[in-house]
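Biologist: Could we go through this model together? I should like to begin with the terms before turning to particular residues.

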Amino acid sequence: MMMTIEPGASVRRGGSAVLEASEKTFTDMILLGPPGAGKGTQALRLVERFGIPQISTGNILREAAAQGTPLGLKADGYMKRGELVPDDLIIGLIDRRLREDDCERGFLLDGFPRTMPQAQALDGILEMMERPLNLVVALEVSADTVVERNSLRRCCLNCGATYHLKNHPPRRAGICDQCGRELIHREDDREEVIRRRLQVYDSQTQPLIHYYRANGLVRSINGELPVDEVTAILARMVEEGTRE
Ligand code: ADP
Ligand code: AMP
């Protein structure tokens, strides 16, 4: 959350950590964009740079499915078909996650909200927490790019790193550079499912850009640019929306 505090002042948050204001930034933000726009790739870079957590509902659901939890079992079929998981499952999950300690200085939502009821629920949660949203970044890419990037994407379920067989291949085929685990080709990254996910994005998620535009929160970035260029633009946007 964007905070207005005197440089050099100390802030006591959560009753324990004393943070030096001059060192800290506070940002509550959403990354919006179709599957394959680069949300996860950019989120990992922003996490490193700004020290706020990435909250990826897709990653949370995949982990739940891999562990066979009740949430994972309920979500799995929707995910494999490229459909959205019902709102009530996702909203409760986000409500709990945003109240965790690591979100105190901000958070980066990746893959949430995806429907109007989710966006409205998020407004309610943030209102209760007395922290406004600072920034919504829309990453824009063409339908052809969506299909190409998702088909060639390979993922590490252990550390969340993603690769692209042409643009950003792992050093050793099939193995994650970061943690050495085996990479997977997500079941929903096959062409028929990708096309369904894109339809779902266009009908249910894309309208959220207009919703947030009305609040003056949206900044758009051409997601077709090289990864480093997108990161540089994004980092500038975060810094512009943040006070020391
Ligand atoms: P999302 O989280 O939006 O679904 P990802 O970050 O997983 O998308 O990116 C999808 C695929 O595209 C990955 O294989 C990633 O390596 C690749 N990718 C991401 N951003 C770019 C970019 N700017 N240029 C080229 N390839 C990219
Ligand atoms: P992602 O990793 O963001 O591409 O999401 C993968 C899949 O998880 C989606 O196709 C949905 O089935 C499900 N999912 C992730 N986030 C949400 C959400 N906010 N609402 C509903 N379903 C979601």
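Modeller: A residue is called buried under 20% relative accessible area, exposed over 50% and partly exposed in between, with a 1.4 Å probe and protein chains only. The model is predicted, so local features need pLDDT of at least 70 and side-chain atom pairs count only at pLDDT 80 or more, while totals for chains, interfaces and linings use all residues. Residues are numbered from 1 along each chain as its sequence is written, chains are lettered from A and ligands numbered from 1 in the order in which they are written, and side-chain values use heavy atoms, leaving out hydrogens and water.

Biologist: Is E130 buried or exposed?

Modeller: E130 counts as exposed, because its relative accessibility is 66%.

Biologist: What is the phi of E130?

Modeller: Phi of E130 is near 55°, which is a positive value in a residue other than glycine. E130 is found in the loop between α5 and β6 (135–140); helices (H or I, at least four residues) and strands (E, at least two) are DSSP runs numbered from the N terminus.

Biologist: Which peptide bond is cis?

Modeller: The bond from F112 to P113 is cis, with omega near -5°. P113 is found in the loop between β5 (106–110) and α5 (116–128). R114 is in the loop between β5 and α5 as well, and counts as partly exposed because its relative accessibility is 30%. The C-alpha atoms of R114 and G33 are separated by 9.7 Å, although these residues are 81 apart along the chain.

Biologist: Turning to the interior, how many residues has the largest nonpolar core?

Modeller: The largest nonpolar core has 29 residues. Such a core is a set of buried Ala, Val, Leu, Ile, Met, Phe, Trp, Tyr and Cys residues joined through side-chain atoms within 4.5 Å. Among the residues with the most contacts inside this core are I30, L109 and Y212.

Biologist: Which element gives the largest share of this core?

Modeller: That is α4, with 5 residues. Elements giving two or more residues to the core include β3 (27–32), α4 (87–98) and α8 (207–213).

Biologist: How many aromatic pairs are there?

Modeller: The count comes to 1 aromatic pair. The pair of Y211 and Y212 is edge-to-face, because the ring centres are 5.1 Å apart and the planes are at 75°. Under the rule, rings of Phe, Tyr and Trp (its six-membered ring) pair if their centres lie within 6.5 Å; planes under 30 degrees apart count as stacked, over 60 as edge-to-face and the rest as tilted.

Biologist: Are those two rings' residues buried or partly exposed?

Modeller: Y212 counts as buried, at 0% relative accessibility, whereas Y211 is partly exposed at 22%.

Biologist: Which charged end sits over the ring of Y78?

Modeller: The charged end of R81 does, 5.3 Å from the ring centre. The criterion is that NZ of Lys or CZ of Arg is within 6 Å of the ring centre and within 35 degrees of the ring normal.

Biologist: Which contacts in space link residues far apart in sequence, for example with A235?Modeller: A235 and R49 are 8.3 Å apart in space, C-alpha to C-alpha, and 186 residues apart in sequence. A235 is found in helix α9 (residues 227–240) and counts as buried, at 1% relative accessibility.
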